[in-house]
Number of protein chains: 2
Amino acid sequence: MTSVFIVDDHPIVVEGLKSVIEKLDGLHISGVAYNAVDTINLLKTVATDVLLLDINLPDISGIDLCKKVRNQFPHIRILGISTFSERSYISRMIAHGAMGYLIKSASAEEISAAVTTIMQGKLYMSLDLEHLLRPSPVIQSGILPNLTKREKEVLQHISEGLTNVQIAEKLFVSPSTIDTHRKNMITKLEVSNTAALIRFAIEHGLIN
Amino acid sequence: MTSVFIVDDHPIVVEGLKSVIEKLDGLHISGVAYNAVDTINLLKTVATDVLLLDINLPDISGIDLCKKVRNQFPHIRILGISTFSERSYISRMIAHGAMGYLIKSASAEEISAAVTTIMQGKLYMSLDLEHLLRPSPVIQSGILPNLTKREKEVLQHISEGLTNVQIAEKLFVSPSTIDTHRKNMITKLEVSNTAALIRFAIEHGLIN
DNA sequence: TAAATTCTCCCCCAAAAAGGGGATTTTTGC
DNA sequence: GCAAAAATCCCCTTTTTGGGGGAGAATTTA
């Protein structure tokens, strides 16, 4: 018997998941919560195998709660749930310890499969094909201006901690040039400084 | 019949995958390549459903090739392969269009399951439980000095592009304090500046 | 070939970060 | 309760970055 704990700020969603899961063999509900604080407190009192965790919570982001739960309850396997299937979310959920991802429109069979899969120690991902066949929601939405080859090269060196002068020496150009590239990237990507630039770049795969 | 194309710079690995896949029902090899350039050229000539793509290629990173293939051949589903199961890799592969992840030590059954799964439009992930149950392979290796709660808080704000002064205002302390935290983190983590700090932090899961 | 883009370099100046140092108060762990 | 760790704050100087601007050479692309 696998015990499942549900976290979602929408009571209707919680009820729906609850009724679906309770009808499934081998699964039972150990508890539910509507926010992060209640989740942490309740998890201390009830034994739970799987945490169904909504990504969009009111008081704290799903990612943060994900980390908290993993730190305090390392045995609990986390299955992220959300209404939409965004690549960036999924990758971040995985990076922060989730064992799987489920869209809210998933069928009872899918939920069952998801729980079974992650209890076997594997990742489970639920996504529709149409979303996946697009290159990336972020990249192809037109928001991301593309950096030039040289800019990416400079960016790479910046992320390694080199200063403009050091990069200039490596690329045999003037420090002013590197400075211009850096500034252009900051403007292009609409970030406030180098720190934010590096973060943006990594999160969008601009850096190796 | 699903056609599989293999990309890996190790011929032994390619041979191994080849022989395993050819024994499986419903799968056949449409081609193999040992580098990125050959991959792009060959994919133009042969019909391929699934691309088995090694993450660590000599001339170009698997991530980059992943993006290239998805742009030029959007119908091809990419299954990343690697010798080790690193969370950061997996999340980045997914963010860049891979439909799944397979460790090289995977059994024939797993390979078959992986191809079948992604042909159904779902993500497939192959990972051992022991790796997943650890917070992060890097963090628990002892190499990483742990940041304090406050330092992480400051780090988070730095990554959002805030300056010392702005962070100080948010946390109701003096800018000097934030400056000290920043310097301490740079020293602790042995990086040269804030850019490198942010990169390090993201790659080690210190930032949300 | 003409137009657009990219790459290159420079100016100014203000702001921020880095690299030293030291020092006090709070919290935390034993 | 005491020691260790964390958090707070300040001094100094130099280096680096950021925000403007302009502008010519090289390379792509239409």
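At what angle do the axes of helix H10 of chain A and helix H7 of chain B cross? The legends below begin with that pair of helices in this predicted model.

**Figure 1. Helix H10 of chain A meets helix H7 of chain B.** The axes of H10(A), residues 194-203, and H7(B), residues 149-159, cross at roughly 85 degrees and come within 7 Å. Angles of 65 to 115 degrees count as roughly perpendicular, and H10(A) and H7(B) are therefore roughly perpendicular to each other. On the H10(A) side the contact is made by A:Ala195, A:Ala196 and A:Arg199. On the H7(B) side it is made by B:Gln156, B:Ile158 and B:Ser159. By class, the residues of this contact are three nonpolar, two polar and one charged.

**Figure 2. The protein surface near DNA strand D.** There are 17 residues around DNA strand D, and those that come nearest are A:Lys183, A:Thr194, B:Thr148, B:Ser174 and B:Thr177. Of the strand D atoms that come within 4 Å of the protein, 65% belong to sugar and phosphate. Helix H9 of chain A, and helices H7 and H9 of chain B, each supply at least two residues of this surface. H9(B) gives the most, with four residues. The surface near DNA strand D has 11 polar, four charged and two nonpolar residues.

**Figure 3. Polar atoms of chain B beside phosphate oxygens of DNA strand D.** A polar side-chain atom of B:Thr148 lies 2.2 Å from a phosphate oxygen of the strand. For B:Thr177, the distance from a polar side-chain atom to a phosphate oxygen is 2.6 Å. B:Ser174 takes part through its backbone, where a polar atom is 2.5 Å from a phosphate oxygen.

**Figure 4. The protein surface near DNA strand C.** DNA strand C is surrounded by 17 residues, and the closest are A:Thr148, A:Arg150, A:Ser174, A:Thr177 and B:Thr194. Sugar and phosphate make up 65% of the strand C atoms that come within 4 Å of the protein. The largest share of the surface, four residues, comes from H9(A). The residues of this surface divide into 11 polar, four charged and two nonpolar.

**Figure 5. Phosphate and base contacts of DNA strand C.** A polar side-chain atom of A:Arg150 lies 2.7 Å from a phosphate oxygen of the strand. A polar backbone atom of B:Asn164 is 3.1 Å from a phosphate oxygen. At B:Lys183 the partner is a base: an N or O atom in the side chain is 2.9 Å from a base nitrogen. H7 and H9 of chain A, together with H9 of chain B, are the elements that give two or more residues to the surface near DNA strand C.

Note on methods: Residues numbered from 1 in each chain as written. Chains lettered and ligands numbered in written order. Predicted model: local features only at pLDDT ≥ 70, side-chain atom pairs only at ≥ 80, totals over all residues. Heavy atoms only, no water. Axes fitted to C-alpha atoms, helices over the stretch in contact; angles between N-to-C directions. Parallel < 35°, antiparallel > 145°, perpendicular 65-115°, else oblique. Contact = heavy atoms within 4.5 Å. Nonpolar A, V, L, I, M, F, W, Y, C, P; charged D, E, K, R; others polar. Near = heavy atom within 4 Å. Polar contact = N/O pair within 3.5 Å; in protein donor to acceptor, adjacent residues only side chain to side chain.
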